[in-house]
Amino acid sequence: MNTSEIIIAGDTAGIEWRLPVLRFKGSDPKAPKVYIQAALHANELPGTALVHFLCERLRQSESAGQIKSDIIVIPHANPIGAAQSHFGELQGRFDLGSRTNFNREFPLISVKDRDGLLEDLERRSAIDKLKRQLLHMALGCDLVIDLHCDDESLQYAYIDEAFWPEAADLASAMEMEAVLLSDGESSAFEEAVGFAWKYETPEKRSRLPGKLSVTVELRGRRDVYPEMAMKDAEGLWKFLASRGAIDAAVSLPAFDGPAVPLDNVEIVRAPEAGTVLFHHNIGEWVGEGGVLATLITRPGMADGSVEIRAPQAGLIVTRNSERLVRRRADLMKIACKTASKATRKPGTLED
Ligand SMILES: [Zn+2]
């Protein structure tokens, strides 16, 4: 394992950020090149924990001469965000300076223009320097895995339909409980990578065999435990072996969880502000009209609560960890069989 650092000059005098980059050298130039990053949303640590144990496993593979692919690992992709606490609380998702989501506004370019990402870098803001260097590394690879997590959540992934069903091997290896099939229409990291590949030629390609760019949601923000991280690391290692990045025989069972388009995800929102009392947890199947939560809007009053019901039957994939919620707060994501009647903009489910 080779270690280096990318140094990013800060936007004010006397500041610089250091981004550790870990590399494994592969023995087979034809094997798919791999890029794995964690904690682009700086407060999402399950991926960092996974990567810690994955690197240990990869060092063993390296000692055994089993590494076939060049593999790049970024254990914590966002040192800028990791330093942005506000009154003692790490923000993590949005850059306090620019108010943009750390996982949006990645440049949408063709992979042919990859080297342009690093032109005039010194004139860009620190956060743009970071985003461009991450994307530049990823676009030199074939399998790109961006490790995130949700609030309270099952293990699931956002996978562009261009990679499905080939990517069912990743879902199987990681024992995912659901897959949400996305349309690739956003500036999130994973989708900027897919965009660059699709537009390698002027005519957009809709299938990308041998490639994968994926956002894995490693359960909830608090799901950071040694056994969990070791199991996830083993799952990802098996996926890498199954794709020929590591010289080891593995067999993966077929993925049998639900894989639904984003249009089939019901985002349950709070109709008013209040105290939320959930009736169901993540991982439970609910029927159409089933009570998901009681929302106490006027505590103590005879008519001071409302019931929130499931718009259609489905699997509860995520849940809000807050108990005092604002009007329109996202309470749950439910994966369903048919499209939601709620209108949805193209792109990601959340800002
Ligand atoms: Zn995230």
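Helix H6 gives the most to the lining of the largest cavity, with three residues, and I should say at once that what we are looking at is a predicted model. The cavity has a volume of about 40 Å³, and the count of cavities of 30 Å³ or more comes to one. Around it we find Pro-46, Ala-49, Arg-219, Asp-223, Val-224, Tyr-225, Met-228, Ala-229 and Asp-232, with H1 and H6 each supplying at least two residues of that lining. Sorted by class, six of the lining residues are nonpolar and three are charged, while no polar residue takes part.

Let me stay with H6 and turn to the second largest pocket, where about 230 Å³ of space lies. Which elements give two or more residues to the lining of this pocket? They are helix H4, residues 168-173, and helix H6, residues 226-242, and here too H6 gives the most, this time with five residues. The lining has 17 residues, and those that lie nearest the centre of the pocket are Ser-172, Ala-173, Met-174, Glu-175 and Pro-253. By class, the lining of this second largest pocket is made up of eight nonpolar, three polar and six charged residues.

Now to the metal. The zinc ion has as its protein donors ND1 of His-41, two OE atoms of Glu-44 and ND1 of His-148, which lie 2.0 to 2.6 Å from the ion. Why is the arrangement called irregular? The four donor atoms subtend angles of 54 to 145° around the zinc ion, and it is this spread that makes the arrangement irregular; for comparison, four donors would count as tetrahedral if all angles lay between 85 and 135 degrees. Along the sequence, the spacing of the donor residues reads H-x2-E-x103-H. The two histidines link distant parts of the chain, since His-41 sits in the loop between strand E3 (34-38) and helix H1 (46-63), whereas His-148 belongs to strand E7 (residues 143-150), 107 residues apart. Both His-41 and His-148 are buried.

Helix H3 is the next element I would like you to find. Running over residues 126-138, H3 has 13 residues and reaches 19 Å from its first C-alpha to its last, close to the 18 Å expected at 1.5 Å a residue. Is H3 largely enclosed or largely open to its surroundings? Twelve of its 13 residues are buried, so H3 is largely enclosed by the rest of the structure. For those of you who think of charged side chains as belonging outside, please note that the buried residues of H3 include Lys-129, Lys-131 and Arg-132, alongside others such as Ile-127, Leu-130 and Met-137.

Lastly, some backbone details in the loops. In the loop between strand E6 (89-90) and H3 we find Arg-99, whose phi is near 65°, a positive value in a residue other than glycine. Glu-105, placed in the loop between E6 and H3, also has a positive phi, of about 60°, although it is not a glycine. Arg-99 is exposed, with a relative accessible area of 72%, and Glu-105 is exposed as well, with a relative accessible area of 52%. Elsewhere, a cis peptide bond joins Trp-164 and Pro-165, with omega about 10°, and Pro-165 has its place in the loop between strand E9 (155-160) and H4, the helix that we met at the second largest pocket.

Terms used. Residues are numbered from 1 along each chain as its sequence is written. This is a predicted model: local features need pLDDT of at least 70, side-chain atom pairs count only at pLDDT 80 or more; totals for chains, interfaces and linings use all residues. Side-chain values use heavy atoms; hydrogens and water are left out. On a 1 Å grid over the protein atoms alone, a cavity is a set of points where a 1.4 Å probe fits but cannot get out, and a pocket is an open set with protein on both sides within 12 Å along at least five of seven lines; lining residues have an atom within 4 Å of a point. Grid points are joined across faces, edges and corners, and a volume is the space filled by probe spheres set on the points. Helices (H or I, at least four residues) and strands (E, at least two) are DSSP runs, numbered from the N terminus. Ala, Val, Leu, Ile, Met, Phe, Trp, Tyr, Cys and Pro count as nonpolar, Asp, Glu, Lys and Arg as charged, and the others, Gly among them, as polar. The expected span of a helix is 1.5 Å times one less than its number of residues. Buried means under 20% relative accessible area, exposed over 50%, partly exposed in between (1.4 Å probe, protein chains only). Donors are N, O and S atoms within 2.8 Å of the metal (3.2 Å for Na, K and Ca); water is not among the atoms, so sites may look incomplete. Four donors count as tetrahedral if all angles lie between 85 and 135 degrees; four count as square planar and six as octahedral if opposite donors are over 155 degrees apart and all others between 65 and 115; anything else is irregular.
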